Amino acid sequence: MHSQTQLITTDGRRIAKRLFNHWKHKFEVVETEQHFQILMPTATVTLTPQESTLDVRIDSQLETAEQTRLESVVIDHLNRMAQEEFQVTWQQQA
């Protein structure tokens, strides 16, 4: 399953880096020039900072209910890292 959303922010790199650092003690992580990846046992979260957005993508082998729960966990963490509440709409594809 694949989910994606965009957060409207000019602080995408800082927010992504904070979450990357927060989760690097728990999961394997990969940082490139373009994005930050968190490699969870059942999913990969990719954070791609743009000029005015933070693109968030979750790729997994999860069922829809578990994917929706993971989306919630990711956005809750991003809200904490940004110290603001993002209103998001996830697009899911099987």
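How many helices and strands does the secondary structure of the protein chain come to? Two helices and six strands is the count, and keep in mind that you're looking at a predicted model.

**Figure 1. The whole chain, from one end to the other.** Start at the N terminus and the elements run β-α-β-β-β-β-α-β. If you lay the C-alpha trace along its principal axes, it spans about 30 × 25 × 20 Å. A compact globule with 94 residues would have a radius of gyration near 12 Å, and this chain has 12 Å, so the two agree. Residues 24 or more positions apart make up 53% of the contacts that have a separation of 6 or more.

**Figure 2. The outside, the inside and the charges.** Of the 94 residues, 41% count as buried. The chain exposes about 5600 Å², and carbon and sulfur atoms supply 46% of that area. There are 9 positive and 13 negative charges here, and the mean positions of the two groups are 8 Å apart.

**Figure 3. A look into the largest nonpolar core.** In soluble globular proteins, nonpolar side chains tend to be buried together. In this model, the largest nonpolar core has 24 residues. The ones with the most contacts inside that core are Leu47, Leu54, Val56, Val74 and Leu78. Helix H1 (12-23), strand E3 (36-39), strand E4 (43-49), strand E5 (53-60) and helix H2 (64-82) each supply at least two of the core's residues. H2 gives the most, with six residues.

**Figure 4. Leu47 and the residues it touches.** Let's zoom in on one of the core residues with the most contacts, Leu47. Which residues does Leu47 touch, not counting those up to four places away in sequence? The list is Ala16, Leu19, Gln34, His35, Phe36, Ile38, Leu54, Asp55, Val56 and Leu78. Leu54, Val56 and Leu78 should ring a bell, since they also appear among the core residues with the most contacts.

**Figure 5. His35, in a loop between two strands.** You'll find His35 in the loop between strand E2 (28-31) and E3. Its relative accessible area is 21%, so His35 is partly exposed; the cut-off for buried is under 20%. Leaving out residues up to four places away in sequence, His35 touches Val30, Thr46, Leu47, Thr48 and Pro49. Now look for Gln67: His35 and Gln67 are 32 residues apart in sequence, and their C-alpha atoms are 21 Å apart in space.

**Figure 6. Glu28, on strand E2.** Glu28 lies in strand E2. Is Glu28 buried or exposed? Exposed, because its relative accessible area is 55% and the cut-off for exposed is over 50%. Set aside the neighbours within four places in sequence, and Glu28 is in contact with Gln37, Ile38 and Leu39. Pro41 is 13 residues away from Glu28 along the chain, with 9.2 Å between their C-alpha atoms.

**Figure 7. Ser60, a buried residue in strand E5.** Ser60 has its place in strand E5. With a relative accessible area of 6%, Ser60 is buried. Apart from neighbours within four places in sequence, Ser60 is in contact with Met1, Thr42, Ala43 and Gln67. Arg14 is another matter: Ser60 and Arg14 are 46 residues apart in sequence and 25 Å apart in space, C-alpha to C-alpha.

**Figure 8. Asp76 and Gln83, in helix H2 and the loop that comes between H2 and E6.** Asp76 is found in helix H2, while Gln83 is in the loop between H2 and strand E6 (91-93). Asp76 is partly exposed, with a relative accessible area of 40%. Asp76 and Phe86 are 10 residues apart along the chain, and 9.0 Å separates their C-alpha atoms. Gln83 counts as exposed, at 69% relative accessibility. Take a look at the backbone of Gln83 too: its phi is near 60°, a positive value in a residue other than glycine.

Definitions and conventions:
Residues numbered from 1 in each chain as written. Predicted model: local features only at pLDDT ≥ 70, side-chain atom pairs only at ≥ 80, totals over all residues. Heavy atoms only, no water. Core = buried A, V, L, I, M, F, W, Y, C linked by side-chain atoms within 4.5 Å. Buried < 20%, exposed > 50% of the residue type's maximum accessible area, 1.4 Å probe, protein only. Helix = DSSP H or I, 4+ residues; strand = E, 2+ residues; numbered from the N terminus. Contact = heavy atoms within 4.5 Å. Rg over C-alpha atoms; globule rule 2.2 N^0.38 Å. Areas by Shrake-Rupley, 256 points an atom, 1.4 Å probe, with all protein chains shown as cover. Lys, Arg positive; Asp, Glu negative; His and termini not counted. Charge placed at Lys NZ, Arg CZ, Asp CG, Glu CD.
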